[in-house]
Amino acid sequence: MKQDGISVGDPWPHHYRGLSLQVSPNREVWWQLYQGTDRLRLNPAPEKIVDHLLDHKRIGGRFHVTEQGDALTRVENGEEYDQIYLGKVDNLDGELVPDGAEEYSIDLQPDGLEAGDLWPSIYDGSRYSFVGDRFWWHSGQSHKRHPVPTGLPIDIEQNLQRYKRDGGSFRILPWGDVITLVPIHPTPEKVQNQFNKLPRVVRNIIKLRKDRDVEMLPVYIGSLGDYQIEVKDPPSLTDSLSAEEEESLNSWAQNLGRTTARSTDTHKVSTDTDSGGSQKDKSTSETERASKKNNSEQKDTKPPELNDDPVDWIMEDMGDVGEQNPNQHDST
Amino acid sequence: MSAQVTDNTVSVPIADNRDVSVEPGQPYPAPYRGSQYSIVDSRKHGTVIEWKYNDLVVHVEPPGGLIDRLQSLGKSRGSGKGSIRITADKEILTKINADSYVHSHHAPVKSGWIPVYLGTLDGHLDFDIDNDPSFPTRDLWVWSGFTFNHGERWSVSNNDQLIWTWKNYRFYSAFEHSDLINKYATYRKIAGRLYINEHGHVYVNVPRDEVPPGETEMVEQVYDEWRRYANRNNKRAAMRLVERRLKVTGDGDPSEGHLPIYIGHLSEFDDGLIPKPVVADEEYYIDASHEEGGGY
């Protein structure tokens, strides 16, 4: 059972991520709604992985399954955590059984879905993010974005851009299904109907509430198939400049002489220094005009903050702002 | 340790031409503003201070005394983590939730996120980026300290006022800054932004097409010189910060971006007056209390 020559029990050298599951001391495997009390038992449990996990954590504990089916766990080692490879999960499948309500079991791996359909199961998996055609994995430990330079398959990119126009995070399950959360759906009746058909206990688990007014629903985006996501080290401020960056710096200077005469403006600003507040109203509107014209000037100091994943909301509820809790294992 | 938090009582301009004395730990009765940093845990280096813009992240040791002060005041339920600001007058500010802030009864708004003055910055945060440059022989240079989330952000109006804006709030500086604005106007024809960092350095955004005709050669020359200097001395971080600034302000096209131009230190203008926005509308405090990062 090897991955890139890594054997079970070896340190995991790649980025730490994946669907989060909990092994209890009696060998049961559970999925839990973040910090909530609702939980679902996975039946059947992946026995081999449970064995390997119990070798490292005698009373059980949490493990993650990447989008390629690699099972990982973190083991405390003094003040640090070691990341350990637990083996490949060949086919993670089965039912998720609500605690005390077995008749409402749902499939871990729903099938027969089309892009845009409600995802009628848990919202979890390896978390990645995108804006436009830029993709990355965010490390909860270093707080850095690790780029995915080769992106994702084109149909996945297009569906993400369609259902999540402004970008944001999405999840990839161990069998390659890609899902994301949407507050507004292009065809809301369709997902709402799909949602209403589910048993209430399931609705309560997959309905994810962001703010008082915003409910987000998970939708199916597509399948990665055999595509492997390649994650690079994050850029450092002191890395050598790429050819593109060099060219950017050059491009500003080219044509610098290209200015049109707008002499009135020039004189207004540079010669009229003692006009005081007498032109207040006029100047106010001019300032605003200038600001609008240069709207990128406003935008520059406010990069988009992506906050569209339940893990982020929970951290906020806890009084943290996400970045403050790098040890949060779920943020992988 | 290269920086410390100092227990200075500061004078903060408020309405009706008055100043109010504010002691460390007390609510801050002026706009929440300045260079933006966060206190975070780093697996490798323990508790650090972080500068960040999207994928660009740098960590250094926090100023001495800062974490203790944040914790004792109840920041982030006593963990001391979260974001801070440093004004052009080196005032270190944070916002503390009223639920856990020990002095919330003194605040102008007693619920939500309350802006708090923590003390002043003495020394330099140890970033490997030159945010406190010295150019004794230069009138103009490219600003290549942090080019995002750095410095107080002011607007220059066409009637020569400095205005601090947030949402629909527009607060004027308590002082006149005619020298500073004159210098600004030399390099940019119309109203726009200027930034003042915690060491008193001023930089402006210069779109290529808005350099006044008489100054284009000078700007071009300075930019060329800076690039040669940065290349020769392998100033990769500086080049990257400028490159990113051009790209972002140009909406992806760096040739249309705004060059960050360093125009001098506050000590060179208006007898060294530091611009101070005066809250002229108390509603500001209510709006700003709704979010930890809000109000700047």
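## Two oblique helices in chain B

In this predicted model, helices α3(B) and α4(B) are oblique to each other, because their packing angle falls in neither the roughly parallel, the roughly antiparallel nor the roughly perpendicular range. That angle is about 140 degrees, and the two axes lie 10 Å apart. Helix α3 of chain B covers residues 216-232, while α4 of chain B covers residues 236-249.

Which residues make the contact between α3(B) and α4(B)? From α3(B) come B:Tyr223, B:Trp226, B:Ala230 and B:Asn231; from α4(B) come B:Ala238, B:Met239, B:Val242 and B:Leu246. Sorted by character, these residues are seven nonpolar, one polar and no charged.

## The sheet beneath α4(B)

Helix α4(B) also lies across four strands of its chain, namely β10, β14 (192-196), β15 and β16. Its direction makes about 125 degrees with that of β16(B).

Those strands belong to an open sheet of seven strands in chain B, with antiparallel pairing and the order β10-β16-β15-β14-β11-β12-β13. At the edges sit β10 (141-142) and β13 (169-172), each of which pairs on one side only. Next to the β13(B) edge, strand β12 (residues 162-166) is joined to β13(B) by four antiparallel bridges. If you would like a landmark there, look for B:Trp166, whose bridge partner in β13(B) is B:Tyr169.

## Where chain A meets α4(B)

Helix α4(B) has a neighbour from the other chain too. The axis of α5(A), residues 243-253, comes within 9 Å of the axis of α4(B), and the two cross at roughly 65 degrees. The two helices are therefore roughly perpendicular to each other, and their crossing is left-handed.

On the chain A side, the contact is made by A:Glu244, A:Glu245, A:Ser248, A:Leu249 and A:Trp252. On the chain B side, the residues are B:Met239, B:Arg240, B:Val242, B:Glu243, B:Leu246 and B:Lys247. This set divides into five nonpolar, one polar and five charged residues. B:Met239, B:Val242 and B:Leu246 take part here, and these three residues also contact α3(B).

Which residues of α5(A) are buried? They are A:Glu245, A:Ser248, A:Leu249, A:Ser251, A:Trp252 and A:Ala253. Their cover includes several elements of chain B: β15 (201-207), α3, α4 and β16 (258-265).

## A second sheet in chain B

Chain B has another open sheet of seven strands, again with antiparallel pairing, in the order β1-β9-β8-β7-β4-β5-β6. Its edge strands are β1 (3-6) and β6 (56-60), each pairing on one side only. From one strand to the next, the twist averages 35 degrees. Helix α1(B), residues 66-73, packs on this sheet and touches β1, β4, β5, β7, β8 and β9 (113-123) of chain B. The direction of α1(B) is at about 160 degrees to that of β9(B). Towards the β6(B) edge, β5(B) (residues 46-53) pairs with β6(B) through five antiparallel bridges, and B:Lys52 has B:Val57 as its bridge partner in β6(B).

Is strand β7(B), residues 82-86, largely enclosed or largely open? Five of its five residues are buried, so the strand is largely enclosed by the rest of the structure. On one side, five antiparallel bridges join β7(B) to β4(B), residues 35-42. On the other, three antiparallel bridges link β7(B) to β8(B), residues 91-97. B:Ile84 is a handy point to find in this strand: its partners are B:Tyr37 in β4(B) and B:Thr94 in β8(B). In the hairpin of β7(B) and β8(B), four residues lie between the strands, and B:Lys90 takes a positive phi near 65 degrees.

## Chain A at a glance

Chain A has 332 residues, of which 51% count as buried. Its secondary structure comes to nine helices and 15 strands. Among the chain A contacts with a separation of 6 or more, 66% involve residues 24 or more positions apart.

One spot to look at is A:Gly225, in the loop between β15 (215-223) and α5 of chain A. A:Gly225 has a relative accessible area of 48%, so it counts as partly exposed. Its C-alpha atom is 15 Å from that of A:Asp70, a residue 155 positions away along the chain.

Conventions:
Residues are numbered from 1 along each chain as its sequence is written. Chains are lettered from A and ligands numbered from 1 in the order in which they are written. This is a predicted model: local features need pLDDT of at least 70, side-chain atom pairs count only at pLDDT 80 or more; totals for chains, interfaces and linings use all residues. Side-chain values use heavy atoms; hydrogens and water are left out. Buried means under 20% relative accessible area, exposed over 50%, partly exposed in between (1.4 Å probe, protein chains only). Two strands pair if DSSP finds at least two bridges between them. Axes are lines fitted to C-alpha atoms, for helices over the stretch in contact, and angles run from 0 to 180 degrees between N-to-C directions. Angles under 35 degrees count as roughly parallel, over 145 as roughly antiparallel, 65 to 115 as roughly perpendicular and the rest as oblique. A crossing is left-handed if the near helix is turned anticlockwise from the far one by less than a right angle, and right-handed if clockwise. Contact means heavy atoms within 4.5 Å. Ala, Val, Leu, Ile, Met, Phe, Trp, Tyr, Cys and Pro count as nonpolar, Asp, Glu, Lys and Arg as charged, and the others, Gly among them, as polar.
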